[in-house]
Amino acid sequence: MYQESEIVDLLMVIFLTPIMVATYRVIKVKGKEWFAASYVMIAFGFVMTVVEGYIAPDLLNLIEHVTHAFAGGFCLLGTMALFRFARREVTGAMR
Amino acid sequence: MNAITFVDALALLGYLGALILILATPGRARSVGSGLKYPLAAAIGLLVFVSLSNVLEHAGVSVALDAYEDYAEVLFVPLVAYILFSRTTVEQLAAAKSAREATRREHALLMNVVDTAPSGVMVADEDGRVWFANSEARSFVSAPTAGVSMMATEGLRPAVVRAVTTAPVRMARMRVDIDGEERWFSLSATPLAADGASSRQAVVAFQDISAQVASDHELEQYREDLEKQVDRRTGELLALNRQLQTANETGQRLLANISHELRTPLNSILGFTEIMLRETPGQLNDEQRRQLNFVQTSGRQLLGMVDSVLEVARGDAGRGAVAGAPIDLRESLAQVIAPLEVIAAERNITLSCSCPETVMLVTDADKLGQVVRNLATNAIKFTEPGGSVDVELEIGADEAVVRVADDGIGIDPGDQERIFEAFEQVVSEGRLRPSGVGLGLAICKELCDVLGYGLEVQSAPGEGSTFTVRIPYDVETADSASREDLA
């Protein structure tokens with residue numbers, strides 16, 4: 001069975017994600033592709049959390065945790081790109 | 001450790017690393033800023049918390065954090081949305097600021113350009129109100145007062161209103177009265193888009209061209225005066241020309257008449273002298289014969305001069321018509337030269353005619369003969385005894401060349417143009433003035449011009465002279481003349 005908080009998470013993902021996709025095209029942040037991939041993984045994990053209450057609970061639960069692992073990796077790559085760019089910008093290496 | 005715990009541990013490591021890196025990222029970097037760094041750190045921190053809770057739960061260490069995990073997850077998505085929107089807002093504000101700065105710079109540049117222009121530039125409406133004026137135009141604009149915008153000065157206002165109402169206008173000249181003084185302005189106007197304005201507006205550019213207009217008027221006046229002067233002078237010249245023509249014709253007629261009247265008594269003198277020398281009236285002694293010979297020689301010279309004068313008068317009067325007929329050029333030259341051999345012999349001068357080949361051509365034999373006779377006579381006259389005169393004929397592809405060369409006294413280069421003018425004689429230093437009136441070469445030149453021949457001279461003082469007559473001919477005409485002559 002599902003919890004109320006999981007449904008709230010899913011609803012927010014469903015309604016806010018399209019708006020965020022539109023905004024994503026406009027902003028200029030180094031490594032934004034990795035951050036976007038991380039977000040997609042987390043959102044997918046939220047979906048799996050709800051769905052596991054109805055079908056294949058063990059498999060979908062495993063998948064949910066795997067998506068978190070991927071999301072962590074992508075997030076790390078995104079922050080690395082951002083960190084390097086910001087450092088170069090500050091030290092004046094960027095011309 | 002089961003699989004889920006392992007996966008959660010990986011997620012925790014990833015998020016922790018990301019959290020450390022984002023906290024280490026310099027917030028003063030323009031591409032990051034505190035507006036991105038801390039919200040992003042908060043979002044990653046939530047994920048660290050969730051991962052840590054999962055690890056502890058699935059490892060069987062503690063479930064104490066699980067109660068708060070749901071709150072953390074609920075906060076995550078709104079936080080990410082906040083990061084995106086705030087970032088977008090910051091970037092848009094930066095872009096707007098940059099655009100405002102660029103607009104300000106462009107405006108300043110435009111104002112500098114407009115203020116530097118030597119013409120007055122203003123934005124005015126059809127009521128004479130002025131909404132903008134550059135530095136040059138400000139002296140023609142009244143200062144704004146309470147409730148009333150700037151206005152074009154009273155003198156210029158009608159011109160501005162007319163330019164605005166008739167815009168587009170390009171460099172229209174308008175007269176303006178400013179403080180009772182008449183001035184001229186050049187005005188151009190371009191209408192502005194209506195944009196809801198209550199009255200029609202236009203950009204009006206103007207320039208004071210009073211000095212230029214005054215200058216144009218002076219120039220026009222000067223041009224008219226000049227034209228009148230030219231007309232007057234032309235009339236005077238025409239009248240003078242008519243007088244000169246009349247005088248010339250009278251002179252020619254007089255010369256012809258006098259020359260003609262002179263021939264009659266001269267012929268009588270020569271005729272009676274000849275009769276006396278034949279001793280028809282009675283026998284002469286030696287002294288009488290000698291003196292009569294003087295009379296005869298002098299009479300012949302005088303007759304030659306009169307004939308020359310008559311020829312010139314006749315030629316100038318346009319009565320020297322060309323009578324063309326086929327001739328054998330060599331034969332014609334021989335006939336001309338033969339009588340001169342006696343004169344040359346009397347002066348101990350060798351006169352030769354070198355004509356190895358000939359050509360048949362159609363020309364006026366009398367006029368050509370006279371040219372050659374005059375040149376040869378001249379050569380004999382200006383050659384010292386013992387000298388020689390040679391007449392040569394050379395036949396070219398399309399012209400025949402007759403050269404009369406002597407080894408006489410020659411002609412100074414400065415005098416070589418002058419010798420072809422009537423009544424001009426060149427007197428060499430240490431020599432007596434030659435006999436004759438200076439018409440021989442003038443007649444030659446005149447006749448060559450009439451016949452279409454070229455006449456040139458090459459000479460140097462003391463080295464003799466060579467006169468060259470170039471007779472152009474057409475081969476077909478020459479062949480035809482030849483056949484006609486044979487017939």
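**Exercise 1. Identify which residues touch the most other members of the largest nonpolar core, and which elements supply this core.**

Solution. In this predicted model, the largest nonpolar core holds 44 residues, and those touching the most other members are B:Leu329, B:Leu375, B:Val469 and B:Ile471. A nonpolar core is here a set of buried Ala, Val, Leu, Ile, Met, Phe, Trp, Tyr and Cys residues joined through side-chain atoms within 4.5 Å, where buried means under 20% relative accessible area, exposed over 50%, and partly exposed in between (1.4 Å probe, protein chains only).

Next come the elements: at least two residues of this core are supplied by each of α7 (329-346), α8 (365-381), β11 (388-395), β12 (399-406), α9 (440-451), β13 (454-459) and β14 (465-472) of chain B. The largest share, seven residues, comes from α8(B). Helices (H or I, at least four residues) and strands (E, at least two) are DSSP runs numbered from the N terminus.

Finally, consider B:Ile471, which, leaving aside neighbours within four places in sequence, is in contact with B:Leu329, B:Leu361, B:Leu368, B:Asp398, B:Glu399, B:Ala400, B:Val402 and B:Tyr453; contact means heavy atoms within 4.5 Å. A second, separate core has 41 residues, including A:Leu82, B:Leu12, B:Leu47 and B:Val50.

The conventions are as follows: residues are numbered from 1 along each chain as its sequence is written, and chains are lettered from A and ligands numbered from 1 in the order in which they are written. Because the model is predicted, local features need pLDDT of at least 70 and side-chain atom pairs count only at pLDDT 80 or more, while totals for chains, interfaces and linings use all residues; side-chain values use heavy atoms, with hydrogens and water left out.

**Exercise 2. Describe the interface of chain B and chain A by its residues, buried area and polar pairs.**

Solution. Begin with the residues: chain B contributes 39 to the contact and chain A contributes 37. The area buried between the two chains is about 3300 Å², of which carbon and sulfur atoms give 77%, buried area being the accessible area (1.4 Å probe) that two parts lose on being put together, summed over both.

On the side of chain B, the residues that lose the most area to chain A are B:Leu21, B:Val77 and B:Leu84, which together account for 16% of what that side buries. The elements α1 (3-24), α2 (33-58) and α3 (66-116) of chain B each supply at least two residues of the side that touches chain A.

As for polar pairs, the count is five residue pairs in polar contact, both residues at pLDDT 80 or more. A polar contact is a pair of N or O atoms within 3.5 Å; within protein, one must be able to donate a hydrogen and the other to accept it, and residues adjacent in sequence count only if both atoms are side-chain atoms. Zero salt bridges are found across this interface, a salt bridge being a side-chain nitrogen of Lys or Arg within 4 Å of a carboxyl oxygen of Asp or Glu.

**Exercise 3. For the salt bridges of B:Glu91 with B:Arg87 and of B:Arg223 with B:Glu227, state the N to O distance and the burial of each partner.**

Solution. In the pair B:Glu91 and B:Arg87, the closest N and O atoms are 3.4 Å apart. The two residues are four apart in helix α3 of chain B, which means about one helical turn between them. B:Glu91 is buried at 15% relative accessibility, and B:Arg87 is buried at 10%.

B:Arg223 and B:Glu227 meet at 2.7 Å, N to O, and both lie in helix α5 of chain B, four residues apart, about one turn of the helix. B:Arg223 is partly exposed at 39% relative accessibility, and B:Glu227 is partly exposed at 41%.

**Exercise 4. Locate the cis peptide bond before B:Pro168 and the positive phi values of B:Asp179 and B:Glu279.**

Solution. The bond from B:Ala167 to B:Pro168 is cis, with omega near 5 degrees, and B:Pro168 is in the loop between α4 (157-166) and β5 (169-178) of chain B.

B:Asp179, with phi near 55 degrees, is in the loop between β5 and β6 (181-191) of chain B, and is exposed at 82% relative accessibility. B:Glu279, with phi of about 60 degrees, is in the loop between α5 and α6 (286-316) of chain B, and is partly exposed at 28%.
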